[in-house]
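Me: Please take a close look at the salt bridges in this predicted model. I would like to know where the paired side chains sit and how they relate to the sheet.

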Amino acid sequence: MMHYILSNKMKEDEVNRCQIQEWYPKFKSVSIKTRIHELPEPFVQYLLDDSGPFLLPVSITNEDAFPNRIHNPEEEDDYQISEGSDDEAEQPPLPPSFPELELQVKESIESLGGSVFPKLNWSAPKDAAWISTTGTLKCSSFSEIALLLRSSDSLVHDLCHAYDSCHDKTSSRPKSFVLALRKWYQFLKPEMEFRCFVRNQNLVGISQREVTTFYPALLEKKDSLRVLIEDFFVENLMSRFESENYTFDVYVTEDDRVKVVDFNPWGAFTLPLMFTWEELDQNCSELGDDGVDFRIVEGQCAVRPGLKTAVPYDYLDTSPGSGWDQFMRNADEELQQQTRNAQAGA
């Protein structure tokens, strides 16, 4: 039996292919509607700048990042500096303005139905959802998008550390940054998103994406979902995505259409969810007549609550020796213990 050695290293080309501006044009017919804008360098520097006060860009269309807030003129007056004050020489910095980008974004939002969720080349500002008026990534204006991006710590990955796991690393950042605006769908079901693992261009594993909850309905649909996703991979991705090893996320609609949501590199910072990378590496040498290994949360005791985190799923540091590596090992040990206890009590 041939065994494969798991490597946490990858190539820059493999990381680059997972940028949304690289893969979306090829797969847009089977993906979520998206508009992509190249970000001007001043806006990138604005996102990186943490040396001064938190300032949102001035909107040329008078859009508000907090449209539902109540303005209190008396409180606002408290922050005005009166003439002759000792602080008069220290004028606060002027907020930035990006009028051309704002107008482009406004047009894209309108073309996508009025609401979008933003992401950069690889990552979305999931850790900043708490600051929005809806508690989600739903945005209807440039100001709301700027608020999420500027508030997100996780986007530093895209901006500064995208190639840290590449053994052939030649730069710390991509040639350009993009803002991808993806159509917002109000009633998507989290249980219908799945992560798929491709090794040597073979589909070797499928995992429930949202592993913190048990969804009984998935048990009934498991076999049919496996067939849908396998067929989708063979017909749409297998010979078209250029990397040999990668992962992709899909969403299955109520009428059984499969939509590709994202691509991520194999290993390194991509979470294997219901698997370990060692298991997936072994799966690629043991594919049999039973089909692809498809794992879902099959009972309440099998949920993994620790994976519900503000840090984006896709780029946690799970390399050996990291805090998350130890956390995952502890979580797996706890899960195995709970399973043994449940079996013993049955």
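Reply: What follows goes through three salt bridges and then the sheet around one of them. The model is a predicted one, and the count of salt bridges in it comes to 15.

Arginine 195 forms a salt bridge with aspartate 249, with 2.8 Å between the closest N and O atoms. Arginine 195 is part of strand S4 (residues 193–199) and aspartate 249 is part of strand S6, so the pair ties together parts that are 54 residues apart in sequence. Arginine 195 has a relative accessibility of 0%, so it counts as buried, the limit being under 20%. Aspartate 249 is buried as well, because its relative accessible area is 2%.

Both strands of this pair belong to an open sheet of 5 strands, ordered S7-S6-S4-S5-S8, with mixed pairing. Strand S7 (258–265) and strand S8 (293–295) are the edge strands, each pairing on one side only. From one strand to the next the twist averages 25 degrees. Strand S4 pairs with strand S5 (residues 202–208) in the antiparallel sense, over 6 bridges. In that pairing, arginine 195 stands opposite serine 207 in S5. Helix H8 lies across S4, S5, S6, S7 and S8, and runs at about 125 degrees to S6.

A second salt bridge involves the loop that follows H8. Arginine 17 pairs with glutamate 242, the closest N and O atoms being 3.6 Å apart. Arginine 17 is in the loop between helix H1 (12–16) and helix H2 (20–27), while glutamate 242 is in the loop between helix H8 (216–237) and strand S6 (246–252); the two are 225 residues apart, and the pair links distant parts of the chain. Arginine 17 counts as partly exposed at 24% relative accessibility, whereas glutamate 242 counts as exposed at 55%. Lys26 joins Arg17 and Glu242 in a network of salt bridges.

The third is formed by arginine 173 and glutamate 41, whose closest N and O atoms are 3.0 Å apart. This pair, too, links distant parts of the chain: arginine 173 lies in the loop between helix H7 (156–161) and strand S3 (178–183), glutamate 41 lies in helix H3 (residues 41–48), and 132 residues separate them. Arginine 173 is partly exposed, with a relative accessible area of 28%. Glutamate 41 is also partly exposed, with a relative accessible area of 35%.

Terms used. Residues numbered from 1 in each chain as written. Predicted model: local features only at pLDDT ≥ 70, side-chain atom pairs only at ≥ 80, totals over all residues. Heavy atoms only, no water. Salt bridge = Lys/Arg side-chain N within 4 Å of Asp/Glu carboxyl O. Helix = DSSP H or I, 4+ residues; strand = E, 2+ residues; numbered from the N terminus. Buried < 20%, exposed > 50% of the residue type's maximum accessible area, 1.4 Å probe, protein only. Pairing = 2+ DSSP bridges. Axes fitted to C-alpha atoms, helices over the stretch in contact; angles between N-to-C directions. Contact = heavy atoms within 4.5 Å.
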